[in-house]
Amino acid sequence: MCIRDRYEDGMEIPQDLDSIIIPGGKWAVFTEGYDDVDECSSKVQSLWRRLMSGWILSSEYHIAKGPQLEAYPLDRNVVEIWIQLLEK
């Protein structure tokens with residue numbers, strides 16, 4: 001899926017942004033909700049901490065080389081962290 005595809009019809013993508021092609025593969029998506037936008041930063045940091053110090057160490061995967069993504073859906077109070085994986 002292209003992140004560009006997540007834009008609604010008619011939404012303009014800023015011209016000063018670069019685009020890259022990310023190869024397909026296996027991804028883990030971690031989601032954390034928040035009640036207030038002021039909590040968002042601390043929720044993101046907490047999610048990364050749990051991911052890197054817990055889940056990835058006990059999983060059957062390594063993190064693949066390449067970008068890790070943070071997504072902030074406009075229709076929900078959540079942050080998503082997308083990590084591309086390789087089997088150990």
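These legends describe close-up views of a predicted model.

**Figure 1. The whole chain reads as a β-α-β-β-β pattern.** The secondary structure comes to 1 helix and 4 strands. Of the 88 residues, 25% count as buried. Take the contacts with a sequence separation of 6 or more: residues 24 or more positions apart account for 66% of them. The structure also holds 4 salt bridges. Several of the views below pick out residues that take part in such pairs.

**Figure 2. Helix α1 bends at leucine 51.** The bend is about 40 degrees. Helix α1 covers residues 40-58. At 1.5 Å a residue, its 19 residues should span 27 Å. The C-alpha atoms at its ends are 26 Å apart, which agrees with that expectation.

**Figure 3. Helix α1 has a set of buried residues.** They are Cys40, Val44, Leu47, Trp48, Leu51 and Ile56. Leu51 is thus a buried residue as well as the site of the helix bend. What covers the buried residues of α1? The cover includes strands β1, β2, β3 and β4. Strand β2 is residues 61-63, and strand β3 is residues 69-71. Strand β1 runs over residues 26-33, and strand β4 over residues 78-87.

**Figure 4. The largest nonpolar core has 14 residues.** In soluble globular proteins, nonpolar side chains tend to be buried together. Which residues have the most contacts inside this core? They are Phe30, Trp48, Leu51, Ile81, Ile83 and Leu85. Strand β1, helix α1 and strand β4 each supply at least two residues of the core. The largest share, 6 residues, comes from α1.

**Figure 5. Isoleucine 83 touches residues far from it in the sequence list, among them Lys26 and Trp27.** Residues up to four places away in sequence are not counted here. Its other partners are Ala28, Phe30, Trp48, Leu51, Ile63 and Gln68. Phe30, Trp48 and Leu51 appear again among the core residues with the most contacts, as does Ile83.

**Figure 6. Glutamate 32 sits in strand β1.** Is this residue buried or exposed? With a relative accessible area of 16%, glutamate 32 is buried, because buried means under 20%. Leaving aside neighbours within four places in sequence, glutamate 32 is in contact with Lys43, Leu47, Arg50, Asn77, Val78 and Val79. One of these, valine 78, is 46 residues away along the chain. Even so, the C-alpha atoms of glutamate 32 and valine 78 are separated by 5.5 Å.

**Figure 7. Glu32, Lys43 and Arg50 are linked in a network of salt bridges.** The side chains of glutamate 32 and lysine 43 meet with N and O 3.8 Å apart. Glutamate 32 lies in strand β1 and lysine 43 in helix α1, so this pair ties together parts that are 11 residues apart in sequence. The side chains of arginine 50 and glutamate 32 also meet in a salt bridge, at 2.7 Å from N to O. That pair links distant parts of the chain, with arginine 50 in helix α1 and glutamate 32 in strand β1, 18 residues apart. The side chains of glutamate 32 and arginine 50 make a polar contact too, at 2.7 Å. How accessible are the three residues? Glutamate 32 is buried at 16% relative accessibility. Lysine 43 is partly exposed at 26%. Arginine 50 is partly exposed at 42%.

**Figure 8. Arginine 76 pairs with aspartate 75 in a salt bridge.** The closest N and O atoms of the two are 3.7 Å apart. Aspartate 75 is exposed, at 66% relative accessibility. Arginine 76 is partly exposed, at 37%.

**Figure 9. Glutamate 80 makes a polar contact with arginine 76.** Their side chains are joined at 2.9 Å. Glutamate 80 is found in strand β4. Is glutamate 80 buried or exposed? At 6% relative accessibility, glutamate 80 counts as buried. Its partner, arginine 76, counts as partly exposed.

Note on methods:
Residues are numbered from 1 along each chain as its sequence is written. This is a predicted model: local features need pLDDT of at least 70, side-chain atom pairs count only at pLDDT 80 or more; totals for chains, interfaces and linings use all residues. Side-chain values use heavy atoms; hydrogens and water are left out. Buried means under 20% relative accessible area, exposed over 50%, partly exposed in between (1.4 Å probe, protein chains only). A polar contact is a pair of N or O atoms within 3.5 Å; within protein, one must be able to donate a hydrogen and the other to accept it, and residues adjacent in sequence count only if both atoms are side-chain atoms. The expected span of a helix is 1.5 Å times one less than its number of residues. The bend at a residue is the angle between axes fitted to the seven residues ending there and the seven starting there. Contact means heavy atoms within 4.5 Å. A nonpolar core is a set of buried Ala, Val, Leu, Ile, Met, Phe, Trp, Tyr and Cys residues joined through side-chain atoms within 4.5 Å.
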